[in-house]
Amino acid sequence: MTDGSTQESVTFRNGRIFDGERFHDHHAISFVGGRQTGFGPRDAFADQGRVIDLGGDILSPGYVDLQVNGGDGIMLGDAPSVETVRRIAKAHRSLGVTRILPTLITDTPENTRATIEAVAEACRQKVPGVAGLHLEGPHLSVARKGAHDAALIREMTDDDLTLLLDTAKALPCLKVTLAPENVTEAQVSRLSEAGIVVSLGHTDASYETCMRYFKAGARCVTHLFNAMSQLGNREPGLVGAALDCGEADAGIIVDAVHVHPKTARAAWAAKTKPGSFYLVSDAMAVAGTNVQEFQLNGRVICRDNGQLRLQDGTLAGADLDLTTAIQVAVEQVGLSLEQALQAATAVPAQVINTPLANPVQPGCEMSELIRISRDLTSVDVLG
């Protein structure tokens, strides 16, 4: 779907315009030089330049994905560099994501430092779409390691804490996934006070422990239900704490593989507000490609029928894009289209305090918007 974004002047009609929170139906919108110059009820709207008939498609802010491990055939930790970051961001842009947190899975101290430097330099160079960095590990629980390498998981030292505090100063956003088993409440407080987004994940901690860590400053949960203590009849675990804590937001992989759609529906209904869920792809190297296998810390991961697994069958990230996640959320989980789009745009943008393009606002950059097909099967970035 080519929308003629190189045109000096263009008007979009006959679509559904989503501003990150709600739809504006029966409206038209114009851009001149790639910037929004007009918005209003379509029957009284004067066209500017070329007219694009959206045919019922959705015009929306680009997606914001806070968990992107790789794309374009590479993982972030494979060869940390600005070019690696650029390639991953470009691959996800082709999938409708205009803001990402490149994510490093548990790795060596040396590779972690190299990745931090690469992403910081990418941010200094203003590589399109890079909103910061997500470090998923190494301070996790071996008992809930998932596809992470147990040999690299360790407790947080004073040197680790100092590195993270320094990193936060060099990035627009730093998100860190950690487990209470290997990080103290005092360390979480230091991280939170420095503006770092602390997320609990890959942990077997109890409900009470997790609630203490939320009180200490953690405010997110990484891929709800996966690699964590579950909601039980006598022990609510991290899942129960995430649902109960109104200050906590949670990422969730909505692919009908990592979480059953009916489980996701029950969680959405049970979530204490104002905390919300946001969609994540947990994308790996295969994103945006036809690659069928790749390596993670020397282990082969195979792509098969929409799933990524180690040779022992362990799920290893997701073979998912956010348009598909929205489709699953609407058609199988039972969310409204508005709820699903919020979870892919406004909610994650708020979690990391990054600006979200709003098509109804004058001056909005057309290149930050996406066109989603009305049947939720395809997406194009405008420009």
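Is Cys-364 buried or exposed? Cys-364 is buried, with a relative accessible area of 8%. Good morning, colleagues. Please keep in mind throughout that what I am presenting is a predicted model.

Let me stay with the cysteines for a moment. Cys-220 is also buried, at 0% relative accessibility. How many disulfides does the structure hold? The count is zero. For Cys-220, the closest cysteine sulfur belongs to Cys-173 and lies 9.2 Å away, which is too far for a bond.

I turn now to the sheet. Eight strands form an open sheet with parallel pairing, in the order β8-β11-β12-β13-β14-β15-β16-β17. Strands β8 and β17, the latter covering residues 277-279, stand at the edges with a single partner each, so one side of each has no neighbour in the sheet. The partner of β8 in that order is β11, and the two run parallel, joined by four bridges. Within this pairing, Asp-65 stands opposite Ile-100 of β11.

Further along the sheet, β13 (residues 174-178) pairs with β14 in the parallel sense, again over four bridges. Here Lys-175 stands opposite Val-197 in β14. In a regular strand, side chains alternate between the two faces of the sheet. Strand β14, residues 197-200, is covered on both faces. Val-197 and Ser-199 are buried on one side, while Val-198 and Leu-200 are buried on the other.

Strand β16 deserves a separate remark. This strand spans residues 249-252 and includes Asp-249. What is the nearest side chain of opposite charge to Asp-249? That side chain is Arg-219, 4.9 Å away, and the buried Asp-249 has no salt bridge. The cut-off for a salt bridge is 4 Å between nitrogen and carboxyl oxygen, so this separation does not qualify. Beyond its neighbours within four places in sequence, Asp-249 is in contact with several residues, among them Arg-219, Tyr-278 and Val-351. Cys-220, the buried cysteine mentioned earlier, is another of these contacts.

Next, helix α1. Its twelve residues, 82-93, should span 16 Å at 1.5 Å a residue, and the end C-alpha atoms are indeed 16 Å apart. The buried residues of α1 include Val-82, Val-85, Ile-88 and His-92. The buried part of this helix packs against β8, β9, β10, β11 and α2. Two of those elements, β8 and β11, are the paired strands described above.

Finally, the charged pairs. The structure holds twelve salt bridges, and I shall describe three. In the first, the side chains of Arg-35 and Glu-365 meet at 2.8 Å, N to O. Arg-35 lies in strand β5 and Glu-365 in the loop between α10 and β21, so the pair ties together parts that are 330 residues apart in sequence. Both partners are partly exposed: Arg-35 has 43% relative accessibility, and Glu-365 has 29%.

In the second, Asp-160 and Arg-154 bring their closest N and O atoms to 2.6 Å. Asp-160 counts as buried at 11%, whereas Arg-154 is partly exposed at 27%.

In the third, Arg-212 forms a salt bridge with Glu-185, with a closest N to O separation of 3.1 Å. This pair links helix α5, which holds Arg-212, to helix α4, which holds Glu-185, across 27 residues. Arg-212 is partly exposed at 41%, and Glu-185 is partly exposed at 30%.

Thank you for your attention.

Technical notes. Residues are numbered from 1 along each chain as its sequence is written. This is a predicted model: local features need pLDDT of at least 70, side-chain atom pairs count only at pLDDT 80 or more; totals for chains, interfaces and linings use all residues. Side-chain values use heavy atoms; hydrogens and water are left out. A disulfide is a pair of cysteine sulfur atoms within 2.5 Å. Buried means under 20% relative accessible area, exposed over 50%, partly exposed in between (1.4 Å probe, protein chains only). The expected span of a helix is 1.5 Å times one less than its number of residues. Contact means heavy atoms within 4.5 Å. Lys and Arg count as positive and Asp and Glu as negative; His and the chain ends are not counted. Two strands pair if DSSP finds at least two bridges between them.
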